[in-house]
Amino acid sequence: MTDGQFTKGHLITLLISSAIGVGFGAGWWFFGASSVPSGSTPLVVVGVVAVLGLAGWLVLIARRGAGLPAGGGREESPFGKQYGIAVLLMLVGIFGGARVLSGVLELPDAVPAWVLFVVGLHFLPFAKLFGSRRFLVLSALLCVVAVLAAVLAIAGWTAAWQLVPGFGGAAVLWATVVAGLLDRQGATSPAS
């Protein structure tokens with residue numbers, strides 16, 4: 001889906017992938033907020049505002065793109081077999097690694113960092129699949145945040161196991177959504 005003209009098919013892919021980023025970013029944000037022992041209410045409010053703002057932006061982009069030319073149909077959709085395999089491998093990695101961390105190594109606190117790391121890795125094939133290097137950046141940043149959580153926790157800040165993947169994962173996912181929407185905002189107008 002990397003042809004020169006931005007079509008309805010491209011818009012649908014942008015909206016689906018952005019909605020996924022907003023949703024999973026929300027999950028990470030609220031996980032981080034729930035890990036704050038006291039005073040998490042302002043963090044929850046910030047998360048709600050961020051989610052509503054991004055969701056509203058998606059709706060506006062969808063409405064502005066209503067007059068785009070057809071194209072990028074199902075046969076060109078990146079949400080096919082390779083996408084499914086990447087997601088399946090991610091799920092196997094998450095559950096297998098979580099089981100080893102919790103049961104064998106007795107490090108259940110490390111599971112959020114592991115999950116974020118595996119999620120980051122699963123974005124690697126998306127660069128080719130979606131035709132965007134932005135997924136390589138997303139992959140690298142999520143993995144760096146996960147490693148940072150481990151380093152900080154091992155160094156003695158045990159709350160980093162939850163806080164860094166929570167807020168860091170949300171920030172990376174939401175920033176990627178914003179970058180994608182800014183990149184294509186002008187292209188959603190039929191006059192473009």
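Is Leu58 buried or exposed? That was my opening question for this predicted model. I found Leu58 buried, with a relative accessible area of 11%.

**Entry: around Leu58**

I placed Leu58 in helix 2. Next I looked up its contacts, leaving out residues up to four places away in sequence, and got Leu15, Ser18, Ala19, Val22 and Leu181. One of these, Ser18, is 40 residues away from Leu58 along the chain, yet I read 7.7 Å between the two C-alpha atoms.

**Entry: helix 2 against helix 7**

Leu181 led me on to helix 7, since Leu58 and Leu181 both appear in the contact between helix 2 and helix 7. I took helix 2 as residues 41-64 and helix 7 as residues 160-184; they pack at an angle of about 20°, and their axes are 11 Å apart. An angle under 35 degrees counts as roughly parallel, so I noted helix 2 as roughly parallel to helix 7. I logged their crossing as left-handed.

From helix 2, I listed Leu43, Gly47, Ala50, Val51, Leu54, Trp57, Leu58 and Ile61 in the contact. Helix 7 answers with Phe167, Trp174, Val177, Val178, Leu181 and Leu182. By class, I have 13 nonpolar residues, one polar and no charged in the contact of helix 2 with helix 7.

**Entry: helix 6 against helix 7**

How do helix 6 and helix 7 cross? I read roughly 165° for the angle, with the axes coming within 9 Å. Angles over 145 degrees count as roughly antiparallel, and helix 6 and helix 7 are therefore roughly antiparallel to each other. The crossing of helix 6 past helix 7 is right-handed.

My contact list for helix 6 includes Arg134, Leu138, Leu141, Leu142 and Val145. On the helix 7 side, I noted Gly168, Gly169, Val172, Leu173 and Asp183 among them. The contact of helix 6 with helix 7 holds 17 nonpolar, four polar and two charged residues.

**Entry: helix 4 against helix 7**

I also checked helix 4, which packs against helix 7 at an angle of about 30°, with the axes 8 Å apart. That makes helix 4 roughly parallel to helix 7. Pro112, Ala113 and Leu116 of helix 4 make the contact with Trp161, Pro165 and Gly169 of helix 7. I counted this contact of helix 4 with helix 7 as five nonpolar, one polar and no charged.

**Entry: the core**

Which residues touch the most other members of the largest nonpolar core? I found Phe123, Phe126 and Leu142, in a core of 51 residues. Two or more residues each come from helix 1 (8-34), helix 2, helix 3 (81-104), helix 4 (111-122), helix 5 (126-130), helix 6 (134-154) and helix 7. Helix 7 gives the most to this core, with eleven residues.

I then followed Leu142, again without residues up to four places away in sequence. Leu142 touches Leu116, Val119, Gly120, Phe123, Gly169, Val172 and Leu173. I had already met Leu116 in the contact of helix 4 with helix 7.

**Entry: Glu106**

My last stop was Glu106, in the loop between helix 3 and helix 4. Its phi is near 55°, a positive value in a residue other than glycine. Is Glu106 buried or exposed? I noted Glu106 as exposed, at 63% relative accessibility.

Notes: Residues are numbered from 1 along each chain as its sequence is written. This is a predicted model: local features need pLDDT of at least 70, side-chain atom pairs count only at pLDDT 80 or more; totals for chains, interfaces and linings use all residues. Side-chain values use heavy atoms; hydrogens and water are left out. Axes are lines fitted to C-alpha atoms, for helices over the stretch in contact, and angles run from 0 to 180 degrees between N-to-C directions. Helices (H or I, at least four residues) and strands (E, at least two) are DSSP runs, numbered from the N terminus. Angles under 35 degrees count as roughly parallel, over 145 as roughly antiparallel, 65 to 115 as roughly perpendicular and the rest as oblique. A crossing is left-handed if the near helix is turned anticlockwise from the far one by less than a right angle, and right-handed if clockwise. Contact means heavy atoms within 4.5 Å. Ala, Val, Leu, Ile, Met, Phe, Trp, Tyr, Cys and Pro count as nonpolar, Asp, Glu, Lys and Arg as charged, and the others, Gly among them, as polar. A nonpolar core is a set of buried Ala, Val, Leu, Ile, Met, Phe, Trp, Tyr and Cys residues joined through side-chain atoms within 4.5 Å. Buried means under 20% relative accessible area, exposed over 50%, partly exposed in between (1.4 Å probe, protein chains only).
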